[in-house]
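Reader: I've got a model open and I'd like to learn how to read it feature by feature. Could you walk me through it?

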Amino acid sequence: MDRPKKRDVLRAVNSMSSLCENGGKKEGIRAVNSVCSISELTDEDLLSRLLDRPRLKLERKKSYEEMSLSLYDSAHSLDGRSGWDTPVFSMKDSSDLNPMVTEAWEALCRSQVYFREKPVGTIAAYDHASEDVLNYDQVFVRDFVPSALAFLMKGEPDIVKNFLLKTLHIQGQDKMIDKFKLGDGAMPASFKVLHNPIKKTDSIIADFGESAIGRVAPVDSGFWWIILLRAYTKSTGDHSLAERPECQKGMRLILSLCLSEGFDTFPTLLCADGCSMVDRRMGIYGYPIEIQALFFMALRSALSMLKHDSEGKEFMEKIVKRLHALSFHMRSYFWLDFQQLNDIYRYKTEEYSHTAVNKFNVIPDSIPDWIFDFMPLRGGYFVGNVSPARMDFRWFALGNCIAILSSLATPEQSMAIMDLIEARWEELVGEMPLKICYPAMESHEWRIVTGCDPKNTRWSYHNGGSWPVLLWLLTAASIKTGRPQIARRAIELAEARLLKDGWPEYYDGKSGRFIGKQARKFQTWSIAGYLVAKMMMDDPTHVGMISMEEEKHMKPPLRRSSSWT
Ligand code: GLC
């Protein structure tokens, strides 16, 4: 298919019914379409507009005929390699005609949580059938991210603003675990609104890890908060929220926690196990890829929002230095492809001094057998963890997708990550997108690493389970790398099951065929993740909220493998 002219490229129509207005009750459907047309731009202009600027907000009512005229093949490639072959948007896909999308919006609206009549977030799962609610009736910071993106994409930013301010307020509370006081910057994993029907008051209880199973630390919460603040700013064009003194202070407090000097010898962030979406013991302690990628994205987001006053400047200087070191470290030592694997396989050990090639003293015997078959000739990924004599070769979805979106991955590495997903589709996507990590741990390894966790048996939950929420990240990464066909295939798989199965939290099995053993139904981020994926496919400019272009100065000097160069 011929590559379309740039001026014809982008006419995406977004016409979601506004189901959530009026307190989440379905009152009156507003047909609002946003039409963005970008013409007369260079490739670079087009890309930076798509990915790095506030969304054009031209809202007006459109007739059905007009709408169908502007439904257009809006696939946009970021590298000119692929993405033009198949239309991203076609009449039959149109989200507003899709009953699954309508059901998803209704479910998402139902999950809204109110504080003094204002929506402040979404509950983790709206699962009445489940006897044991645990903390699924709370608003989780990480779980709210896809909900927030969905609301932003629909042009309903208030709930996101309320959430950002509410969690900021919670950050200011005294945080104690037993007799130990947590850092001022710590953001909660989750919070719950308590309604007192007699006094007619609302109050909040937050969990910073002091109630969480295993007392895990939500290191990712603060990073997601900063990333969401940027998404809000980009989507609405409203800079006043990020510029508020309390938001500037909130950002600085989060940054203080991770930019302080200590005993570190690496620019990566040292974490305890269970510190992120994988919030149980799963051998992700040390320098987990999910946290490093979110850390990188949060640093870049903060850099774009911090004020150039004396306090802000001090942080900006620290951020620039850290970004430089972090991108070098990650791109060099976490990157694995065929060539790199072969190099490690042939590593000498016990090397001393600056001339060491095997800097972390990885013992080749510790390379797991599965990786030799798994690694395609073309493709690569950021491994799960790197620290002295320990390389966790597992593939993790979230960290790799965030690495693409934040441009922690070079454009070549981003392509290689997508190549690997295509090459290992059966293993990583299977029947339900997307595996949280690959492969699962079994037997002795499972016993030692998870502490015999019955929820994390092989190919279940965090141990190789398939999480529909990850669909939005895969979709965003596919669009950014100009390969929307990958997202389209994944969305089709999700559409075959998700609604029918009641929006489960996760699926089990080697190919993700079974509804998870203990999976909640009506899991909000499964619902929101689907909506975000659909809306991004309908209007790829949405990806700009959550995506960043590469900074030229971060390019690494190293060139060392086929899929990297
Ligand atoms: C589980 C998940 C965690 C999520 C929470 C609420 O604990 O592991 O990532 O935030 O459920 O959905």
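Author: Let's start at the ligand, and keep in mind that this is a predicted model. To look for a polar contact, search for pairs of N or O atoms within 3.5 Å. Here, an oxygen atom of the ligand sits 2.6 Å from an N or O atom in the side chain of His462.

Reader: How far is an oxygen atom of the ligand from an N or O atom in the side chain of Asp143? And what about Tyr461?

Author: For Asp143 the distance is 2.5 Å, and for the side chain of Tyr461 it's 3.3 Å. As for cover, the protein takes up 96% of the 310 Å² of accessible area that the ligand has on its own.

Reader: Which residues are around the ligand?

Author: You'll find Ala124, Tyr136, Phe140, Arg142, Asp143, Met277, Asp279, Tyr461, His462, Glu505, Gln523 and Trp525 there. Sorted by character, the shell has 6 nonpolar, 2 polar and 4 charged residues.

Reader: Arg142 is in that list. Which residue in the loop between α8 and α9 touches it?

Author: That's Ser276, in the loop between α8 (245-259) and α9 (289-305). When you judge burial, look at relative accessible area: under 20% counts as buried. Ser276 has 1%, so it is buried. Leaving out residues up to four places away in sequence, Ser276 touches Arg142, Asp220, Ile284, Glu290 and Ile291.

Reader: Let's go on to the loop that holds Asn463. Is Asn463 buried or exposed?

Author: Buried, because its relative accessible area is 0%. Asn463 is in the loop between α16 (443-450) and α17 (471-480).

Reader: What does the side chain of Asn463 have for polar company?

Author: A polar atom of that side chain lies 2.7 Å from the backbone nitrogen of Met441. Met441 is also one of the residues that Asn463 touches, the others being Met282, Ala440, Trp446, Asn456, Thr457 and Arg458, with residues up to four places away in sequence not counted.

Reader: Now backbone angles. Where should I look for a positive phi on a residue that is not a glycine?

Author: Try Trp459, with a phi of about 60 degrees. Trp459 is in the loop between α16 and α17, and at a relative accessible area of 9% it is buried. Arg215 also has a positive phi without being a glycine, at about 55 degrees. Arg215 belongs to the loop between β10 (201-207) and α6 (219-236).

Reader: And omega? Which residues does a cis peptide bond join?

Author: One such bond joins Pro433 and Leu434, with omega about 5 degrees. Leu434 is in the loop between α15 (425-428) and β14 (437-438). Another joins Tyr438 and Pro439, where omega is about -5 degrees. Pro439 is in the loop between β14 and α16.

Reader: On to helices. How do I read the buried side of one?

Author: Pick out the buried residues, then check how they spread around the axis. In α11 (residues 338-345), the buried ones are Gln340, Leu341 and Ile344. They span an arc of only 100 degrees around the axis, so they are on the same side of α11.

Reader: What covers the buried residues of α11?

Author: The cover includes β11 (335-337), α12 (370-374) and β13 (390-396).

Reader: What about a residue in helix α5, say Gln171?

Author: Gln171 is in α5 (residues 158-171), and its relative accessible area of 4% makes it buried. Compare sequence separation with distance in space: Gln171 and Gly185 are 14 residues apart in sequence, and 6.5 Å apart from C-alpha to C-alpha. Beyond residues up to four places away in sequence, Gln171 touches Asp184, Gly185, Ala186, Met187, Gly250, Leu253 and Ile254.

Reader: Let's zoom out. How many helices and strands does the chain have?

Author: There are 19 helices and 16 strands. Of the chain's 565 residues, 60% count as buried.

Reader: How do I read contacts over the whole chain?

Author: Ask what share joins residues far along the sequence. Among contacts with a separation of 6 or more, 72% come from residues 24 or more positions apart. For the surface, the chain exposes about 23500 Å², and carbon and sulfur atoms supply 53% of that.

How values were computed
Residues are numbered from 1 along each chain as its sequence is written. This is a predicted model: local features need pLDDT of at least 70, side-chain atom pairs count only at pLDDT 80 or more; totals for chains, interfaces and linings use all residues. Side-chain values use heavy atoms; hydrogens and water are left out. A residue is near a molecule or strand if one of its heavy atoms lies within 4 Å of it. A polar contact is a pair of N or O atoms within 3.5 Å; within protein, one must be able to donate a hydrogen and the other to accept it, and residues adjacent in sequence count only if both atoms are side-chain atoms. Accessible areas come from the Shrake-Rupley method with a 1.4 Å probe; for residues, only the protein chains shown count as cover. Ala, Val, Leu, Ile, Met, Phe, Trp, Tyr, Cys and Pro count as nonpolar, Asp, Glu, Lys and Arg as charged, and the others, Gly among them, as polar. Buried means under 20% relative accessible area, exposed over 50%, partly exposed in between (1.4 Å probe, protein chains only). Helices (H or I, at least four residues) and strands (E, at least two) are DSSP runs, numbered from the N terminus. The arc is that of the directions from the helix axis to the C-beta atoms. Contact means heavy atoms within 4.5 Å.
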